[in-house]
Amino acid sequence: MTRKTVLRACFGFVCAVLTSYLSSPASAEPTEIKVHVIARGAKFIGTTMGGVEIILRDVSTGSVLASGITSGSTGDTERIMRTPLTRTEPRSLPKSAQQANTLPAAHFLATLDIDAPMKVLVEARGPLGQLQSANRVTSERWVFPGNHLTEGDGWLLEMPGLVVNIIAPIVQSSTTGGMKIEADVMLMCGCPITDGGLWDAAGYEVVATISRDGETIDTVPLAFAGTKNRFAVTYSPTEKGPLTITVTAWNARDGNSGLDRTAVFSN
């Protein structure tokens with residue numbers, strides 16, 4: 001074998017190795033993403049409210065990368081609601097080292113195996129324990145292999161809304177001849193609305209709309225009933241037969257709103 005033949009063979013071998021290396025896919029790197037969902041004007045949505053459904057998708061293909069449900073506590077009330085924090089200070093951490101062993105603020109932790117930068121969409125729907133009031137929020141961002149998104153609050157989403165739950169059954173009152181309409185109203189995290197409390201009942205407008213065959217008959221406000229989250233009114237129906245009652249709740253300060261609906265037969 002001549003020297004030229006040997007050199008040509010070596011050159012071909014090197015080219016083949018380089019081609020194989022360059023064409024082979026990069027190895028995927030485990031990349032952790034921690035997702036928190038916080039109720040607007042309140043605390044984190046966690047186990048006590050059934051959690052929030054989380055779905056992570058590849059934006060370019062729509063394929064699901066991971067899914068699950070947030071679990072954990074609503075977080076540290078003092079830190080979230082009363083402590084002034086800078087834009088970079090996380091709200092999901094406990095206030096002090098003494099609380100470090102408490103149940104962590106609700107979150108969902110996923111590990112993605114990706115080999116290149118990926119635009120990821122996160123979709124959050126909840127609270128799952130009160131589906132009549134569940135809302136959906138989404139967000140997108142670039143995720144890089146090996147760059148974990150777990151520090152501080154991780155990927156933080158805000159869920160607007162109020163949970164409204166009409167108390168059943170609605171019954172005729174034999175003493176007043178009226179119909180008692182009651183509803184529980186609370187924050188999406190389950191945080192309580194009370195008289196003069198952190199979430200003051202005076203800031204919430206709760207209204208019952210009574211309709212028949214799609215037409216509104218009456219609109220009556222519900223007053224705070226003295227028990228946390230409870231709003232009520234005694235209403236005298238002006239028409240008989242099947243009625244639809246829709247209770248809405250609204251807070252003008254933060255724009256939170258919610259609704260529940262039920263049917264009743266008036267004698």
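Is C191 buried or exposed? C191 is buried, at a relative accessible area of 5%; "buried" here means under 20%, "exposed" over 50% and "partly exposed" in between, using a 1.4 Å probe and protein chains only.

A quick note for all views: this is a predicted model, where local features need pLDDT of at least 70 and side-chain atom pairs count only at pLDDT 80 or more, while totals for chains, interfaces and linings use all residues. Residues are numbered from 1 along each chain as its sequence is written, and side-chain values use heavy atoms, leaving out hydrogens and water.

**View 1. The disulfide of C189 and C191.** A search of the whole structure turns up 1 disulfide (a pair of cysteine sulfur atoms within 2.5 Å). C189 and C191 make the link, with their sulfur atoms 2.5 Å apart. It's a left-handed one, at -130 degrees about the S-S bond. C189 counts as buried because its relative accessibility is 2%.

**View 2. T74 and its contacts.** T74 sits in the loop between strand 3 (64-69) and helix 2 (77-82); helices (H or I, at least four residues) and strands (E, at least two) are DSSP runs, numbered from the N terminus. With a relative accessible area of 18%, T74 is buried. Its side chain has a polar contact with the K43 side chain at 3.1 Å. For that term, a pair of N or O atoms must lie within 3.5 Å; within protein, one must be able to donate a hydrogen and the other to accept it, and residues adjacent in sequence count only if both atoms are side-chain atoms. Setting aside neighbours within four places in sequence, T74 is in contact (heavy atoms within 4.5 Å) with K43, F44, T48, I80 and C189. That last cysteine is the disulfide partner of C191.

**View 3. The open sheet 4-1-7.** Here 3 strands line up in the order 4-1-7, with mixed pairing; two strands pair if DSSP finds at least two bridges between them. Strand 4 (108-114) and strand 7 (155-159) are at the edges with a single partner strand each, so each has one side without a neighbour in the sheet. On average, neighbouring strands of this sheet are turned by 30 degrees against each other, direction ignored. Strand 1 (residues 29-39) runs antiparallel to strand 4, and 7 bridges join the pair. Look for T31, whose bridge partner in strand 4 is L112.

**View 4. Strand 8 alongside strand 9.** Strand 8 (residues 162-166) is mostly covered, with 4 of its 5 residues buried. It pairs antiparallel with strand 9 (residues 179-187) through 5 bridges. Opposite N165 you'll find D184 of strand 9.

Key: Axes fitted to C-alpha atoms, helices over the stretch in contact; angles between N-to-C directions.
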